[in-house]
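Work through the exercises below with the sequence and the coordinates at hand. Each task is followed by a solution in steps.

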Amino acid sequence: MMHVKPKKALGQHFLTDKGVAARIAETALAKPYSHLPLLEIGPGTGVLTSFLLQQDRPLKVIEIDTESVAYLRQAYPDLDIIEGDFLEIRPDSVFDGEFAVIGNYPYNISSQIFFRVLDYRERIPLVSGMLQREVAERICAPAGNRTRGILSVLLQAWYDCEYLFTVPEHVFIPPPKVKSGVLRLTRNSRTELGCSEKRFRQVVKTAFGQRRKTLRNSLGALIPPGSPLREDPIMGERPERLSVDQFVDLAKRLFPDG
């Protein structure tokens, strides 16, 4: 069997602990989505893949590393492999209908992967897997938590986000310098925001763009002249204090015409 060398440029840290891999695979079995086709992002040497293949569901993997692709073709000759970059494909072209996403996500593009998933949320009701613990915790951070950020609010608008467990450094080759975290996102019941999604994103990104400032300062340029909103008590808060619904309400009040 050929050897695959982890590549720093691709953010590769290959998981070696099969017990951890089995636990990650189980995160994709959440009901009512356990029957959905499954797309694994960045399978690397196939440690997680081997457990996903044991689930009774269609499975495809997408891998950008040509060395890993060659290894996977040799190790799993029947595996459906897409050679490419998840950030550059249309996820809705991978399967017909809904599908779930899982992976040991490269640290250097994990946030981009989740933004991409967000754009295809109507096709992807379940997302789970492992990424840098700090990022996983931030995604799942509730209102009031100081680690809360843009991705927290945007994802929580459409998904229920659960931080499941922490993975230590020593179960990877090479060991990363930080711990990893496993999370699961399941589509919530929200079908619309009640405001322009473009404006909602603008308000969230502008607020967190100066996260140490109060909303009165960070959103000052968006407040219409003479608006009573400037004196509203909520404008004295910092962005991490606000829930999704409070950001929706702000977007409505800042842009009443959409």
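**Exercise 1: cysteines**

Cys-140 is buried, its relative accessible area being 16%. The model is a predicted one.

Task: Find how many disulfides the structure holds, and check Cys-140 and Cys-195.

Solution.
1. A disulfide requires two cysteine sulfur atoms within 2.5 Å.
2. For Cys-140, the nearest cysteine sulfur belongs to Cys-161 and is 5.3 Å away, so by that cut-off Cys-140 is in no disulfide.
3. For Cys-195, the nearest cysteine sulfur is again that of Cys-161, 18 Å away, and Cys-195 is in no disulfide either.
4. The count for the structure is zero.

**Exercise 2: the sheet**

Task: Give the strand order of the seven-stranded sheet and identify its edge strands.

Solution.
1. The order is β4-β3-β2-β5-β6-β9-β7; the sheet is open and its pairing is mixed.
2. The strands that pair on one side only are β4 (80–83) and β7 (159–167), which makes them the edges.
3. On average, neighbouring strands are turned by 20° against each other, direction ignored.
4. At the β4 edge, four bridges link β4 to β3 (residues 59–63), and the two strands run parallel. Within this pair, Val-61 faces Ile-81 of β4.

**Exercise 3: helices on the sheet**

Task: State which strands α3 and α4 lie across, and at what angles they run.

Solution.
1. Helix α3 (residues 66–75) lies across β3 and β4, at about 165° to β4.
2. Helix α4 (residues 110–119) lies across β2 (38–41), β6 (126–132), β7 and β9 (180–187), at about 170° to β6.

**Exercise 4: helix α9 and the cores**

Task: List the buried residues of α9, decide how they are arranged around its axis, and place the helix in the largest nonpolar core.

Solution.
1. In α9 (residues 244–254), Val-244, Phe-247, Val-248, Leu-250, Ala-251 and Leu-254 are buried.
2. Viewed down the axis of α9, these residues fall within an arc of 160°, so they line one face of the helix.
3. Residues three or four places apart in an α-helix point the same way, because there are 3.6 residues a turn.
4. The cover over the buried residues of α9 includes α6 (150–156), α7 (197–209) and α8 (215–218).
5. The largest nonpolar core has 54 residues, and Phe-114, Ile-139, Tyr-159 and Phe-200 touch the most other members. With six residues, α9 gives the most to this core.
6. Beyond its neighbours within four places in sequence, Ile-139 contacts residues including Phe-114, Leu-131, Cys-161 and Leu-185.
7. Another core, of 33 residues, lies apart from the largest one; among its members are Leu-36, Leu-38, Val-47 and Ile-102.

Definitions and conventions:
Residues numbered from 1 in each chain as written. Predicted model: local features only at pLDDT ≥ 70, side-chain atom pairs only at ≥ 80, totals over all residues. Heavy atoms only, no water. Pairing = 2+ DSSP bridges. Axes fitted to C-alpha atoms, helices over the stretch in contact; angles between N-to-C directions. Contact = heavy atoms within 4.5 Å. Buried < 20%, exposed > 50% of the residue type's maximum accessible area, 1.4 Å probe, protein only. Arc of directions from axis to C-beta. Core = buried A, V, L, I, M, F, W, Y, C linked by side-chain atoms within 4.5 Å.
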